[in-house]
Amino acid sequence: ALVLISNKLRNNADFDIVGFVERKMAEQYSWWISKEIIAGTAGKIQNAFSTTTNKVTATGTTITADDLIDLQLSIPTNMSDLAIWIMHRNTLKAVRKLKDGNGNYLLIDNFATGGGYTLLGHNVYVDENAPEIGSNARVVLYGNFKDYILKFSKDLEIQVLTERFAEKYATGVMGFAEIDGKIKNQQSFAVLELGA
């Protein structure tokens, strides 16, 4: 990533704008890693929703409690101890309305950790990069991320380039990283795919 900052702006700013850009670049880097792990880019980092071993297919585009139970039980018990749920905010909205046979909601407020939800005993995480509800979409991931491996060949390096853009009267802030990611054990992940 490369950001050019006008030196005129640097001179007139009442704060460290280069430092601000460096912090924002680091924030965007962490967001980008999360996005790649969840949504992925074909031919690059393997996204967790691409798991192929454990797939539960819903009968339509509506999620049911039975679908979530089947999804959870598709992972061997010994791999499920640290598993979490990941879904898009709109999927969470649908799941929040699910009730058991006694009229109790399946999704429980997780007061023990100060917020969030648990579903069938495991934490729920919302990620805007997760697929939304739609035909043939993989919308809920249940997995143990100790079996997802990230390799940092080159961690984020940020350089401030003062001379390279001197003729433009600008300063460059460049960030570079090299990473890869892959599911180490497919049995530790399960995905709910909606029907047509």
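This tour moves through the structure one selection at a time.

**Before selecting anything**

The model is predicted: local features need pLDDT of at least 70, side-chain atom pairs count only at pLDDT 80 or more, and totals for chains, interfaces and linings use all residues. Residues are numbered from 1 along each chain as its sequence is written, and side-chain values use heavy atoms, with hydrogens and water left out.

Colour the chain by pLDDT, the predictor's confidence in each residue on a scale from 0 to 100. The chain average is 89, and 97% of the residues score at least 70. Helices (H or I, at least four residues) and strands (E, at least two) are DSSP runs, numbered from the N terminus. Among these elements, strand S3 (residues 84–87) has the highest mean pLDDT, 96, and strand S4 (residues 107–109) the lowest, 84.

**First stop: the nonpolar cores**

A nonpolar core is a set of buried Ala, Val, Leu, Ile, Met, Phe, Trp, Tyr and Cys residues joined through side-chain atoms within 4.5 Å. Buried means under 20% relative accessible area, exposed over 50%, and partly exposed in between (1.4 Å probe, protein chains only).

Select Ile63, Leu68, Trp85, Leu119, Val140 and Leu192: these residues have the most contacts inside the largest core, which has 26 residues. At least two residues of this core come from each of helix H3 (65–73), S3, helix H4 (89–96), strand S5 (117–119), strand S7 (138–143) and strand S10 (189–193). A second, separate core has 16 residues, among them Ile37, Ala48, Ile86 and Leu141.

Return to Ile63 and display its surroundings, taking contact to mean heavy atoms within 4.5 Å. Neighbours within four places in sequence aside, Ile63 is in contact with Leu68, Thr91, Val95, Leu98, Ile133, Val139, Val140, Leu192 and Leu194.

**Second stop: the aromatic pairs**

Rings of Phe, Tyr and Trp (its six-membered ring) pair if their centres lie within 6.5 Å; planes under 30 degrees apart count as stacked, over 60 as edge-to-face and the rest as tilted. The structure holds four such pairs.

Select Phe15 and Phe20. Their ring centres are 6.0 Å apart and their planes stand at 85°, so this pair is edge-to-face. Phe20 is partly exposed, at 38% relative accessibility.

Next, select Phe145 and Tyr148. Here the centres are 6.1 Å apart and the planes lie at 45°, so the pair is tilted. Phe145 is partly exposed at 24% relative accessibility, whereas Tyr148 is buried at 8%. Add Phe189 to the selection, and one aromatic cluster of Phe145, Tyr148 and Phe189 is displayed.

Asn144 can be selected next, in the loop between S7 and strand S8 (148–161). Asn144 is buried, with 1% relative accessibility. Beyond residues up to four places away in sequence, Asn144 touches Met79, Asp81, Leu82, Ala83, Ser188 and Phe189.

**Third stop: the largest pocket**

On a 1 Å grid over the protein atoms alone, a pocket is an open set of points with protein on both sides within 12 Å along at least five of seven lines, and lining residues have an atom within 4 Å of a point. The largest pocket has a volume of about 250 Å³, a volume being the space filled by probe spheres set on the points, which are joined across faces, edges and corners.

Select the lining: Ala1, Val3, Val21, Lys24, Met25, Gln28, Tyr29, Trp32, Leu156, Gly175, Phe176 and Ala177. Helix H2 (17–38) and strand S9 (170–183) each supply at least two of these residues, and the largest share, six residues, comes from H2.

**Fourth stop: individual residues**

Select Asn123 in strand S6 (residues 122–126). Asn123 is partly exposed, at 27% relative accessible area. Asn123 and Ile84 are 39 residues apart in sequence, yet 5.3 Å apart from C-alpha to C-alpha.

Most residues other than glycine have a negative phi. Asn136, in the loop between S6 and S7, has a positive phi near 60°. Tyr169, in the loop between S8 and S9, also has a positive phi, of about 50°. Asn136 is partly exposed at 49% relative accessible area, and Tyr169 is partly exposed at 47%.

Finish at Thr59, in the loop between strand S2 (54–57) and H3. Thr59 is exposed, with a relative accessible area of 82%. Its C-alpha atom is separated by 7.9 Å from that of Ala196, 137 residues away along the chain.

How values were computed:
On a 1 Å grid over the protein atoms alone, a cavity is a set of points where a 1.4 Å probe fits but cannot get out, and a pocket is an open set with protein on both sides within 12 Å along at least five of seven lines; lining residues have an atom within 4 Å of a point.
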